[in-house]
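Q: Please take a close look at one single part of this model, chosen by you, and set it within the chain as a whole. A connected account is preferred to a list.

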Amino acid sequence: MANRSEEAEHDTVLRRSNQGGILDLVLKRPIRWLRMLVEELHWSFFFGVIIVYGVNQGLGKGLSKVSTQYYFKDEQRIQPSEAQVYVGLIQVPWIIKPVWGLLTDVVPVLGYRRRPYFIFAGVLSMVSMMVLSLHRNLQLGLALSCLVAGSAGVAIADVTIDACVTQLSISHPTLAADMQSLCGMSSSIGSLVGFSLSGVLVHLFGSKGVYGLLGLTAGLIVVVGLLLKESPSRSPGRKHMNEKFIDAGSAIWKTFQYGEVWRPCLFMLLSAAVSLHIHEGMFYWYTDSKDGPSFSKEAVGTIMSFGAIGSLVGILLYQNFLKNFPFRNVVFWALSLSVLSGFLDLILVLRINLKLGVPDYFFIVVDEFVSHMMSRIKWLPLLVLSSKLCPAGMEGTFFALLMSIEHVGHLLSSWGGGVLLHALKVTRTQFDNLWLVIVIRSLLRVVPIGLVFLIPNVDPSATILPADMLMNRRSEDVVETEKIEMTGLLSNEA
């Protein structure tokens with residue numbers, strides 16, 4: 001009896017220990033991590049990331065993606081191959097991110113380098129979204145112009161906050177992975193909320209009504225610009241500004257001469273370009289095909305919210321278990337698993353899941369979850385690597401340049417997917433060859449696995465650039481390490 005009592009007591013202690021371990025992993029550890037970031041990097045940086053990544057990009061992405069899909073399908077009534085091309089066109093402002101980055105680094109407005117660009121980005125997005133929301137029977141060309149302008153506003157705000165992230169990655173190299181995880185987590189949580197609400201909001205207010213809500217979220221970027229406490233710097237003359245542009249170009253060219261820089265850039269471009277996007281073809285099949293699931297707007301939004309959950313899980317996995325592994329190893333295994341996950345779409349379109357007794361909704365939810373989780377795990381080490389390739393004094397410009405290279409790859413993949421959908425005659429009503437499109441897309445995902453040798457085989461705490469390129473070489477009108485603080489209006493008055 002005594003032995004049984006001791007065993008029962010031991011089991012109780014073990015269960016409590018396991019429960020405590022789960023609670024520590026799910027709740028206590030993330031709170032300690034967030035508190036550490038606030039203390040090490042200042043709460044103002046934390047707040048800026050939440051607004052830009054969480055609200056403007058995360059929530060905005062969740063709302064805009066579903067509303068734009070239904071806007072193209074129901075309002076403009078275009079084919080899936082055309083919609084795939086136009087979705088790529090909307091991302092063009094992200095390709096020219098180096099221009100925005102160069103302006104924020106080199107060209108102050110009224111003596112300020114950050115505040116005016118936040119304000120301009122917010123106003124641009126607000127105006128374009130309101131035009132889409134309030135204008136009736138807007139022509140396709142004007143509608144695309146508004147969507148591109150709204151995307152440009154988001155891109156400018158992204159570049160401005162990215163400059164802060166990369167600068168802190170240089171001054172706090174051991175926290176580089178943590179900062180990227182914070183950015184990714186904010187974006188994923190915002191996307192989860194946005195996707196969860198998107199279907200219901202599109203059903204209640206229509207796609208144009210959702211654009212009006214996006215105009216309101218863009219206004220928060222204006223608030224960031226108004227609350228940003230930034231010490232004015234002396235505005236350089238035209239001659240001095242020209243010299244700074246020349247110096248910037250020289251620094252960029254010198255950095256790209258290092259093999260540790262141009263090789264991973266080539267990998268990001270090629271790996272993104274060959275991973276064809278066929279999202280619009282799958283979306284039309286989800287909603288319009290007679291043989292498909294015929295999902296409602298609410299169901300589509302819910303399905304995409306599980307993709308955001310998968311992305312968040314990918315971030316947590318990377319942050320807790322993978323962030324200290326070499327970049328090359330993490331990317332290799334993530335690419336390998338993404339090849340296998342790509343064939344889940346094939347099982348769905350061929351209706352094999354129904355033959356196995358698996359409902360469409362459950363299968364698609366699993367597909368979205370897995371694909372987004374693997375995509376995030378693959379992308380996070382590349383983000384951390386990119387933040388370590390930026391020379392001091394040109395953080396915003398160079399990081400934007402690296403990200404624009406990746407966006408060029410995504411543009412090519414989106415247009416390539418549109419061409420493939422058109423070539424195999426996948427239309428609003430014809431989906432006979434959609435399975436072949438999926439097979440080609442999935443096989444092309446094998447190509448980047450053979451290119452992982454381009455990624456440095458170093459761990460995230462290592463320094464990649466030479467020491468002389470990590471020293472701040474800005475002239476006297478710029479503080480060596482610019483401290484950006486968010487303060488309340490009352491604090492400013494005080």
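A: Helices here are DSSP runs of H or I with at least four residues, strands are runs of E with at least two, and both are numbered from the N terminus. On that basis the chain has 19 helices and two strands. The model is predicted.

The part chosen is the surroundings of Gln 84, a residue of helix H3, which covers residues 80–90. Gln 84 is buried because its relative accessibility is 1%, and a residue counts as buried when that value is under 20%. The side chain of Gln 84 has a polar partner: one of its polar atoms lies 3.2 Å from the backbone nitrogen of His 279. That distance falls within the 3.5 Å cut-off for a polar contact.

His 279 also appears in the wider list of residues that Gln 84 touches, once residues up to four places away in sequence are set aside. That list contains His 277, Ile 278, His 279, Glu 280 and Gly 281, as well as Ser 414, Gly 417, Gly 418 and Leu 421.

The setting in the whole chain may be described next. Of the contacts with a separation of 6 or more, 86% join residues 24 or more positions apart. Buried residues make up 53% of the 494 residues, Gln 84 being one of the buried residues.

Two cysteines are also buried: Cys 146, because its relative accessible area is 11%, and Cys 265, because its value is 4%. The disulfide count for the model is zero, where the rule asks for a pair of cysteine sulfur atoms within 2.5 Å.

The surface offers a contrast to the buried Gln 84. The accessible surface of the chain comes to about 22400 Å², and carbon and sulfur atoms hold 65% of that area. A nonpolar patch of about 690 Å² is formed by Met 130, Leu 134, Val 200, Leu 204, Phe 205, Leu 213 and Leu 216. Helix H6 (115–134) and helix H8 (176–227) each supply at least two of the patch residues, and H8 gives the most, with five. Leu 213 belongs to helix H8 and is partly exposed, because its relative accessible area is 30%, whereas Gln 84 in the chosen part has 1%.

Note on methods: Residues are numbered from 1 along each chain as its sequence is written. This is a predicted model: local features need pLDDT of at least 70, side-chain atom pairs count only at pLDDT 80 or more; totals for chains, interfaces and linings use all residues. Side-chain values use heavy atoms; hydrogens and water are left out. Buried means under 20% relative accessible area, exposed over 50%, partly exposed in between (1.4 Å probe, protein chains only). A polar contact is a pair of N or O atoms within 3.5 Å; within protein, one must be able to donate a hydrogen and the other to accept it, and residues adjacent in sequence count only if both atoms are side-chain atoms. Contact means heavy atoms within 4.5 Å. Accessible areas come from the Shrake-Rupley method with a 1.4 Å probe; for residues, only the protein chains shown count as cover. Patches are made of residues with over 30% relative accessible area and no salt bridge: like charges are joined within 9 Å, nonpolar side chains (Val, Leu, Ile, Met, Phe, Trp, Tyr) within 5 Å. A salt bridge is a side-chain nitrogen of Lys or Arg within 4 Å of a carboxyl oxygen of Asp or Glu.
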